[in-house]
Number of protein chains: 2
Amino acid sequence: MPHKATREQIVAAADQLFYQQGYEYTSFADIAAAVSISRGNFYYHFKSKDDILEAVIQLRLSNTQAMLELWASQGQTAQERVRCFIQLLIRNRAKIALYGCPVGTLCGELAKLEHPALNDANQLFRLFRHWLRQQFESMGHRTQADALAMHLLARSQGIATLAQAFQDQTFIEQEAEQLDIWLTQLGTH
Amino acid sequence: MPHKATREQIVAAADQLFYQQGYEYTSFADIAAAVSISRGNFYYHFKSKDDILEAVIQLRLSNTQAMLELWASQGQTAQERVRCFIQLLIRNRAKIALYGCPVGTLCGELAKLEHPALNDANQLFRLFRHWLRQQFESMGHRTQADALAMHLLARSQGIATLAQAFQDQTFIEQEAEQLDIWLTQLGTH
DNA sequence: GTCTATATAATGATAGAC
DNA sequence: GTCTATCATTATATAGAC
């Protein structure tokens, strides 16, 4: 494998550490140790910690966009495509029980810090919201599509929050099943 | 016992600041400024910052317990009592849009910090969970009562998370109405 | 590009005067 | 009980050698 650019390694390590420890609690020393570079070398690639946060958010936006496009191509029906979203909860249940949802916990932290990057971070939510709304429109729920998208997002966020608080993966599985039922009933209306 | 109020003032100020800014981000200087005492005076009343966190959690546990007992005495039926819980979302919608749910955001932060106090903090969730379970049992949902309690908790957490991320109070009102409908349908089964 | 060394500010925490 | 003064540590960030 070719040597990955240092800048990308920093962003990848920060992405992971911001998720696991939170933005505020993660220090340059933590990231430096993960990438095996010196603290001083950071400022060749980024001008501040906020700058790294911006890069992490952009990386997540890019990854999310790619994932949504993949789901759009994988599912035959809109219902199957929405099921990809629900399946993501189950697939990531171990990490969710430890660190919560990467989107929800980041937005929550940035809101409390009154950090200006909140408006970039919640763009992650907007990507999911817009994509889900399209699927619900495809299912015939024209007027309620956005409300349904927000509802599903909220349901998944709540599942992640309680799973993390109780450190319980199985709750995710139980509630994901309820979401499946909810989605099925939505398709028969 | 002169100036006994100081300790309580510290806990009250920390309670508010931990909610608004988060535990990690709130410094002794912040709390000291709110109470108008010196930083050094802190350590007469508490031996560490973790100690203040413990006191804050105990205060919240005590307040929550009192609120649940009040709800238990106010509602004629179990359904009315659960409605008190839903109404709390609406009543606190302005603060929730700014700071999220005080229980969910604290547990989420402590989980990421791997803070030992997480097990005390999520006792707040357990209080609500147990109280809600009792109400659902009262409604005749004997076997599913705990699952219903967890479901309602998750729903409210998700509402708070999205309301905070989008800084949108009206979403809380919309989803609370959905919860009301859900609760009504639950009573007719 | 990466390093060491350092500047500067803030943190949690302690000691001792009053 | 409260204060001032101070400690050790850590944080982000900068300067300059190589």
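This report covers the contacts with DNA strand D, the largest pocket and the cysteines of a predicted model.

## Basis

Local features in this predicted model need pLDDT of at least 70, side-chain atom pairs count only at pLDDT 80 or more, and totals for chains, interfaces and linings use all residues. Residues are numbered from 1 along each chain as its sequence is written, chains are lettered from A and ligands numbered from 1 in the order in which they are written, and side-chain values use heavy atoms, with hydrogens and water left out.

## DNA strand D

DNA strand D is surrounded by 18 residues, each with a heavy atom within 4 Å of the strand. The closest are A:Tyr43, A:Lys49, B:Thr6, B:Tyr44 and B:His45. Of the strand D atoms that come within 4 Å of the protein, 62% belong to sugar and phosphate. The surface near the strand has five nonpolar, ten polar and three charged residues. Here Ala, Val, Leu, Ile, Met, Phe, Trp, Tyr, Cys and Pro count as nonpolar, Asp, Glu, Lys and Arg as charged, and the others, Gly among them, as polar.

Phosphate oxygens of strand D lie 3.4 Å from a side-chain N or O atom of A:Ser27 and 3.0 Å from a backbone N or O atom of A:Phe28. From chain B, the side chain of B:Asn41 places an N or O atom 3.2 Å from a sugar or linking oxygen of the strand.

## The largest pocket

The largest pocket has a volume of about 1400 Å³, taken as the space filled by probe spheres set on grid points joined across faces, edges and corners. On a 1 Å grid over the protein atoms alone, a pocket is an open set of points where a 1.4 Å probe fits, with protein on both sides within 12 Å along at least five of seven lines; lining residues have an atom within 4 Å of a point.

The lining holds 40 residues, and A:His151, A:Arg155, A:Trp182, B:Arg155 and B:Trp182 are the closest to the pocket centre. H10(A) gives the largest share, nine residues. By class, the lining has 15 nonpolar, 13 polar and twelve charged residues.

## Cysteines

No disulfides (cysteine sulfur pairs within 2.5 Å) are found over all chains. The sulfur of A:Cys107 is too far for a bond because the closest cysteine sulfur, in A:Cys101, is 8.5 Å away. For B:Cys84, the closest cysteine sulfur is that of B:Cys101, at 17 Å, also too far for a bond.

A:Cys107 is buried (under 20% relative accessible area, 1.4 Å probe, protein chains only), at 1%. B:Cys84 is buried too, with a relative accessible area of 17%.

Definitions and conventions:
Polar contact = N/O pair within 3.5 Å; in protein donor to acceptor, adjacent residues only side chain to side chain. Helix = DSSP H or I, 4+ residues; strand = E, 2+ residues; numbered from the N terminus. Buried < 20%, exposed > 50% of the residue type's maximum accessible area, 1.4 Å probe, protein only.
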